[in-house]
Amino acid sequence: MKKIQFTTVYVLRLSVDNILGLVKSTIDLAILVRTELGDMVNATLTQLINDKEKFEPMVNTPRKSELTDEVNAVHSTRKSLFSETKRIVTLHMKGRDSTKKAAAQSFNFFITPYWNKLSDPMNTLTGILHEMIEKYKSEPELQAEAKELSVDSIMLEIETANIKFNALFNQRLADEANRESSASAQKTTVCASYAEFSNALEQQVNFAPNENSIKLFNQLEELRKKYQNFGAKGKDEPEPETPKA
């Protein structure tokens, strides 16, 4: 006798949103007839429900890190402080006070190469500003010029903002890595549970069928065909060496 089998669907290749959609629809259909399903199918269904409950919050949680707004705000602050320094220096370069004018010209020569780097990627700019501040702190003449121009306090603020940005940026990277790791692990778990449930239902339909189990099998087969097409339309993400369900 030829065994009935589900259409192959590489579930792990689906996006997390489509995995959740497939699993939720499967559970909704199965629950309606679970009293007609065997012990093994019910056991795997219970496991699938539990794993779905852990997976769903990870999918529905906003992808944006809680630290993103703060990172962007501190980044804007350090750029604004640098722009303010440049404006003050430029103003004194055009002024009549010869002492301040000389100091401004010298200090402008120091900051101009860094000014051109403000549009660099945020984390790249962190290293550039750190280099600038370290050079400034190592040269008493630059510090004296900054004090003459009243930008010494702004240079200190730039350093403080840059240190704060670096700490926030690294914390966000760590948070995102932890969140990605957790979601990836739970994605694998829920896909494995879905495969186990599907295999258990296949076994019942082949060896101990009843009207409702066959009906459920046919409904889930149509559902699988629907989600099988998502990958073909380029809506989902490929992952190497993924088991089929």
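Here is a walk through this structure, from its overall form down to a few side chains. Keep in mind that the model is predicted.

Let's start with the whole chain. It has eight helices and zero strands, so if you follow the elements from the N terminus on, you read α-α-α-α-α-α-α-α. The radius of gyration is 31 Å, well over the 18 Å that the globule rule gives for 245 residues, so the chain is more spread out than a compact globule. You can see that in the box its C-alpha atoms fill, which is roughly 100 × 30 × 25 Å along the principal axes. Buried residues account for 40% of the 245 residues. As for contacts between residues at least 6 apart in sequence, 79% of them join residues at least 24 apart.

Now pick out helix 1, which covers residues 16-32. Its 17 residues reach 25 Å from the first C-alpha to the last, close to the expected 24 Å. Which of its residues are buried? They are Asn-18, Ile-19, Leu-20, Leu-22, Val-23, Thr-26, Ile-27 and Ala-30. A bit of background helps when you look at such a list: an α-helix has 3.6 residues a turn, so residues three or four places apart point the same way.

Ile-19 is a good one to zoom in on. Leaving aside residues up to four places away in sequence, Ile-19 touches Val-11, Leu-14, Phe-55, Lys-187, Val-190 and Cys-191. Ile-19 is also among the residues with the most contacts inside the largest nonpolar core, together with Val-11, Phe-197, Leu-201 and Leu-216. That core has 32 residues. Helix 1, helix 2 (39-60), helix 7 (152-207) and helix 8 (211-232) each give two or more residues to this core, and helix 7 provides the largest share, seven residues. Apart from it lies another core, this one of 30 residues, including Val-89, Ala-104, Met-132 and Phe-169.

Staying with helix 7, you'll find Tyr-194 there. Is Tyr-194 buried or exposed? Its relative accessible area is just 2%, so Tyr-194 counts as buried. For a feel of the distances in this chain, compare Tyr-194 with Arg-96: they are 98 residues apart in sequence, and their C-alpha atoms are 78 Å apart in space.

Next comes helix 3, residues 68-93. At 1.5 Å a residue, its 26 residues should span 38 Å, and the end C-alpha atoms are indeed 38 Å apart. Its buried residues include Val-71, His-75, Arg-78, Phe-82, Lys-86 and Val-89. Two of these have ring partners worth a look. Arg-78 lies over the face of Phe-165, 3.7 Å from the ring centre. Phe-82, buried at 1% relative accessibility, faces Trp-115, which is partly exposed at 30%.

That brings us to the aromatic pairs, of which a search of the whole structure finds six. In the pair of Phe-82 and Trp-115, the ring centres are 5.9 Å apart and the planes are at 70°, so the pair is edge-to-face. Phe-82 lies in helix 3 and Trp-115 in helix 4 (residues 98-115), so this pair ties together parts that are 33 residues apart in sequence. Elsewhere, Phe-107, Phe-110, Tyr-114 and Tyr-136 form one aromatic cluster. One last ring to find is Tyr-10: the charged end of Arg-13 sits over it, 4.5 Å from its centre.

Definitions and conventions: Residues are numbered from 1 along each chain as its sequence is written. This is a predicted model: local features need pLDDT of at least 70, side-chain atom pairs count only at pLDDT 80 or more; totals for chains, interfaces and linings use all residues. Side-chain values use heavy atoms; hydrogens and water are left out. Helices (H or I, at least four residues) and strands (E, at least two) are DSSP runs, numbered from the N terminus. The expected span of a helix is 1.5 Å times one less than its number of residues. Buried means under 20% relative accessible area, exposed over 50%, partly exposed in between (1.4 Å probe, protein chains only). A nonpolar core is a set of buried Ala, Val, Leu, Ile, Met, Phe, Trp, Tyr and Cys residues joined through side-chain atoms within 4.5 Å. Contact means heavy atoms within 4.5 Å. Rings of Phe, Tyr and Trp (its six-membered ring) pair if their centres lie within 6.5 Å; planes under 30 degrees apart count as stacked, over 60 as edge-to-face and the rest as tilted. A charge sits over a ring if NZ of Lys or CZ of Arg is within 6 Å of the ring centre and within 35 degrees of the ring normal. The radius of gyration is taken over C-alpha atoms; the globule rule is 2.2 Å times the number of residues to the power 0.38.
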